[in-house]
Amino acid sequence: MDYEAIREVDPAVADALAGEVDRQNDTLAMIASENHVSEAVLEAQGSALTNKYAEGYPGERYYAGCEYADEVENLAIERAKELWGAEHVNVQPHSGTQANQGVYYAVLEPGDKILSLDLNHGGHLSHGHPANFTGQFYEVEQYEVDADSGYIDYDALREHAEDFDPDIIVSGYSAYPREVDFEAIQEAADATDAYHLADIAHITGLVAAGVHQSPVGVADFVTGSTHKTIRAGRGGIIMCDEAYADDIDAAVFPGGQGGPLMHNVAGKAVGFKEALEPEFEAYAAQTVDNAKALGDQLQERGFSLVSGGTDNHLVLVDLRDSHPDTTGKDAEAALEEVGVVLNANTVPGETRSAFNPSGIRAGTPGLTTRGFDEAACREVADIIADVVDAHDDEDVKADASARVSALTDDHPLYQ
């Protein structure tokens with residue numbers, strides 16, 4: 001990727017873009033919400049559709065000249081329906097958060113009640129955190145994972161719902177390493193006459209491939225991100241039954257957004273096409289196998305995992321038992337120095353600040369895209385353990401950096 005056209009106009013940006021490609025090639029992307037899209041998706045994202053305003057929906061645009069925009073959006077919609085089995089799909093949200101906003105706007109009024117998982121226990125800002133619009137516009141109560149097991153206690157969730165009487169229950173999480181029982185949460189929603197929003201932002205690809213149970217056809221609304229485990233153009237998606245289609249579409253446009261990012265919709269369409277290929281099922285299954293191998297090896301090295309392991313694409317490490325004087329930020333910074341890029345993360349029962357928490361979260365989607373298998377992920381776990389064990393030792397970090405370089409050389413990304 002030489003960025004010739006950009007370099008002629010703006011060398012500074014060209015240098016930054018080239019540097020980013022090198023950074024991705026030379027480091028291990030283990031932030032659980034990140035992945036590496038194909039060059040085909042990159043090309044779609046940089047296409048001439050960036051020039052086109054297409055406010056409205058296919059066949060009902062506010063501007064002329066939308067015949068190809070319509071074609072691309074319809075392809076994205078039909079492929080999404082095939083991937084997830086949804087009756088109605090809106091592919092216009094710019095992010096997972098805006099997808100959630102579309103659902104709230106469609107069915108809630110200010111002051112209505114949301115029941116969702118606490119951020120420290122694996123929830124998401126857009127599920128009701130006070131710093132987010134949801135925590136400011138709605139009345140929010142939050143459930144937690146079981147303190148001993150690290151699992152969601154579905155009976156306790158239902159009891160909480162019956163006491164709180166929410167208007168909507170939110171499932172789907174950003175740092176929960178276990179499979180979600182969407183049907184159990186739907187039972188809680190039914191018992192309280194609440195809507196059920198399943199936010200599968202992290203597991204869109206795992207659900208599409210059938211390696212995680214699907215909330216489509218169970219929950220009233222399913223939202224997600226399109227750039228994480230599904231590896232499509234960056235953005236959001238809303239799925240629902242046909243009965244809610246008009247309300248959802250009106251909530252996205254004109255309710256919450258202006259014109260869709262049509263180049264981004266093209267990236268979604270291309271990524272969905274790739275996900276419909278048989279190879280994608282093998283990718284998703286390998287992502288989960290790799291996360292289990294990563295987690296097992298970290299436990300062999302003495303690290304504590306929230307819930308004792310993983311069923312999906314991520315592991316959540318609680319450092320308080322094995323490294324009580326090391327914060328998540330300490331670990332994150334030391335690992336970034338050697339080329340392992342993951343994030344500090346809160347853990348259940350967090351005793352530190354969210355800005356300097358007690359855990360780290362590590363995911364395998366990006367590694368799996370590069371071709372990593374279980375053995376390579378166990379090697380990555382050993383690198384993580386060595387660095388966290390001695391994060392002030394420059395010799396240890398130099399050795400770890402060399403091992404990361406060997407892994408990235410063996411698994412090249414963009415040529």
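# A Guided Tour of the Predicted Model

Begin by selecting Ser307, which sits in the loop that runs between strand E11 (304-305) and strand E12 (314-318). The model on display is a predicted one. Ser307 has a phi near 75°, which is a positive value in a residue other than glycine. Is Ser307 buried or exposed? With a relative accessibility of 13%, Ser307 counts as buried, because that value is under 20%.

**A second positive phi**

Next, select Asp193, in the loop between helix H8 (182-191) and strand E8 (195-199). Here too the residue is not a glycine and phi is positive, near 55°. The relative accessibility of Asp193 is 73%, so this residue counts as exposed.

**A cis peptide bond**

Move now to Pro254, in the loop between helix H10 (245-252) and helix H11 (262-275). Display the backbone between Phe253 and Pro254: the peptide bond joining these two residues is cis, with omega at about 10°.

**Salt bridges**

The tour continues with charged side chains. Side chains of opposite charge can pair when their charged atoms come close. How many salt bridges does a search of the whole structure find? The search finds 18. Three pairs may be selected in turn.

- Select Arg7 and Asp15. Their side chains form a salt bridge, with a distance of 2.6 Å from N to O. Arg7 has a relative accessible area of 33% and is therefore partly exposed. Asp15, at 45% relative accessibility, also counts as partly exposed.
- Select Arg158 and Glu162. The side chains of this pair meet in a salt bridge at 3.2 Å, N to O. Both residues belong to helix H7 (residues 154-164), and because they are four residues apart there, about one helical turn separates them. Relative accessibility is 34% for Arg158, which counts as partly exposed, and 44% for Glu162, which counts as partly exposed.
- Select Asp318 and Arg320. A salt bridge links their side chains, at 2.8 Å from N to O. Which of the terms buried and partly exposed applies to Asp318? Asp318 counts as buried, at 11% relative accessibility, whereas Arg320 is partly exposed, with a relative accessible area of 24%.

After these pairs, select Arg301, Glu379, Asp382, Asp386, Asp389, Asp399 and Arg403 together. Salt bridges that share partners join these residues into one network.

**Two helices in contact**

For the final stop, display helix H14 (residues 328-338) together with helix H16 (residues 374-389). The two helices pack with their axes 9 Å apart, at an angle of about 120°. That angle makes H14 oblique to H16. The crossing in which H14 passes H16 is right-handed.

Which residues make the contact between H14 and H16? On H14, select Ala331, Ala334, Leu335 and Val338; on H16, select Ile384, Val387 and Val388. Colouring these residues by type shows the character of the contact: seven are nonpolar, none is polar and none is charged.

**Looking back**

To review the route, return to Ser307 and Asp193, whose phi values are positive at near 75° and near 55°. Then revisit the cis bond between Phe253 and Pro254, the salt bridge of Asp318 with Arg320, and the contact of H14 with H16, made by nonpolar residues.

Terms used
Residues numbered from 1 in each chain as written. Predicted model: local features only at pLDDT ≥ 70, side-chain atom pairs only at ≥ 80, totals over all residues. Heavy atoms only, no water. Axes fitted to C-alpha atoms, helices over the stretch in contact; angles between N-to-C directions. Parallel < 35°, antiparallel > 145°, perpendicular 65-115°, else oblique. Left-handed = near helix turned anticlockwise from the far one by under 90°. Contact = heavy atoms within 4.5 Å. Nonpolar A, V, L, I, M, F, W, Y, C, P; charged D, E, K, R; others polar. Salt bridge = Lys/Arg side-chain N within 4 Å of Asp/Glu carboxyl O. Buried < 20%, exposed > 50% of the residue type's maximum accessible area, 1.4 Å probe, protein only.
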